[in-house]
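Biologist: Please take a close look at one helix, and then follow its contacts into the rest of the fold.

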Amino acid sequence: MKILVIHGPNLNMLGRREPDVYGTSSFDDMNEHIKNFASETGIEVEIFQSNSEGGIVDAIQRAVDTVDGILINPGAYTHYSYAIRDALKGSGLPVVEVHLSNIYAREEFRSKSVTAPVADGQISGFGVESYLLGLRALSSLISKRRHGNV
Ligand code: DQA
C-alpha cells in the first residue's frame, strides 16, 4: 500500500516557525518519524512539500494512478483553497487531513476548513502524532475498501 503525504506551505520551516505553536522538531525530524512509523506498519510513503497551491494540485493529480491514498496537511490553504479541495475530490482517492495544531482552538479563521468536507476524516492538534494517527486511519480505510467493507 502506498500513501502520498503532502505538506503544504511553511511546513518546511518547522522547528524555526512559531515553536510555541508547532514545537521545536524540524521538518526533517517530522519526516523521519513518518517514515519510521510507515516502515513499522508496512506502508510505503512518498513525502512531498510545496509552498504553492499549483504545486500541490499537480502532486494530487499525479497521485491518481500511483498511490492508494493521500494524507494531507494543506497548511493555510486549508482555510481557502477551493483548487486543492477540487483536486482532492477529483482524485477519487481516500484522503485524511491532518494538522499539527488544534485549528479549532486558535484564531477564528482557522476553525474553517474548506478541504475537510472532501476528506474521509480529519485529525488536528497532536503535533507529529496527528500524521501517525492519520496514516493509521488511512491505511485501515484503504484495506477495508479493498475488502469491500466500507
Ligand atoms: C496547520 C494549521 C494552519 O492554520 C496553518 O496555516 C499551518 C499549519 C497545522 O498543521 O496546524 O500552516 O495546518
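Modeller: The account below starts with helix H5 and its core, then turns to the strand, loops and ligand around them.

This is a predicted model, in which local features need pLDDT of at least 70 and side-chain atom pairs count only at pLDDT 80 or more, while totals for chains, interfaces and linings use all residues. Residues are numbered from 1 along each chain as its sequence is written, and side-chain values use heavy atoms, with hydrogens and water left out.

Helix H5 covers residues 128–146. Helices (H or I, at least four residues) and strands (E, at least two) are DSSP runs, numbered from the N terminus. The expected span of a helix is 1.5 Å times one less than its number of residues. For the 19 residues of H5 that gives 27 Å, and the end C-alpha atoms are 27 Å apart, so the two agree. Just after H5, Gly148 has a positive phi of about 70 degrees.

The buried residues of the helix are Ser130, Tyr131, Leu132, Gly134, Leu135, Leu138, Ser139, Leu141 and Ile142. Buried means under 20% relative accessible area, exposed over 50%, and partly exposed in between (1.4 Å probe, protein chains only). An α-helix has 3.6 residues a turn, so residues three or four places apart point the same way. The buried residues of H5 pack against strands E1 (2–7), E2 (44–49), E3 (69–73), E4 (95–99) and E5 (121–124), and against helix H2 (27–40).

Ser139, in H5, counts as buried because its relative accessible area is 14%. Apart from neighbours within four places in sequence, Ser139 is in contact (heavy atoms within 4.5 Å) with Met1, Ile3 and Ile43.

Tyr131 of the helix also belongs to the largest nonpolar core, which has 21 residues; Ile3, Leu71 and Tyr131 touch the most other members. Such a core is a set of buried Ala, Val, Leu, Ile, Met, Phe, Trp, Tyr and Cys residues joined through side-chain atoms within 4.5 Å. E1, H2, E4 and H5 are the elements that give two or more residues to this core. A second, separate core of 19 residues includes Leu4, Val57, Ile60 and Ala119. In soluble globular proteins, nonpolar side chains tend to be buried together.

Leu71 links the helix with the strands. Not counting neighbours within four places in sequence, Leu71 has contacts with Tyr131, Gly134, Leu135 and Leu138, as well as with Ile3, Leu4, Val5, Ile6, Val96 and Val98.

Ile6, one of these partners, is in strand E1. Ile6 is buried because its relative accessibility is 0%. With the same exclusion of sequence neighbours within four places, Ile6 is in contact with Phe48, Ile56, Ile60, Ile70, Leu71, Ile72 and Asn73. From Ile6 to Tyr22 the separation is 16 residues in sequence and 17 Å in space, C-alpha to C-alpha.

The loop between E1 and helix H1 (19–22) contains Asn10. Glu18 and Pro9 also lie in the loop between E1 and H1. Pro9 is buried because its relative accessible area is 10%. Asn10, at 39%, is partly exposed, and Glu18 is also partly exposed, at 38%. Phi is positive in two non-glycine residues here, near 75 degrees in Asn10 and near 35 degrees in Glu18. The C-alpha atoms of Pro9 and Asn51 are 3.8 Å apart, although 42 residues separate them along the chain. Pro9 touches Arg17, Gln49, Ser50, Asn51, Ile56, Pro74, Ala76 and Tyr77, leaving out residues up to four places away in sequence.

Arg17 and Ala76 are also among the residues around the ligand, as are Tyr22, Asn73, Gly75, His79, His99, Leu100, Ser101, Ile103 and Arg110; a residue is listed there if one of its heavy atoms lies within 4 Å of the ligand. Polar side-chain atoms lie 2.9 Å from a ligand oxygen for Arg17, 2.7 Å for His79 and 2.8 Å for His99. On its own the ligand has 320 Å² of accessible area, of which the protein covers 99%; areas come from the Shrake-Rupley method with a 1.4 Å probe, and for residues only the protein chains shown count as cover.

Technical notes: A polar contact is a pair of N or O atoms within 3.5 Å; within protein, one must be able to donate a hydrogen and the other to accept it, and residues adjacent in sequence count only if both atoms are side-chain atoms.
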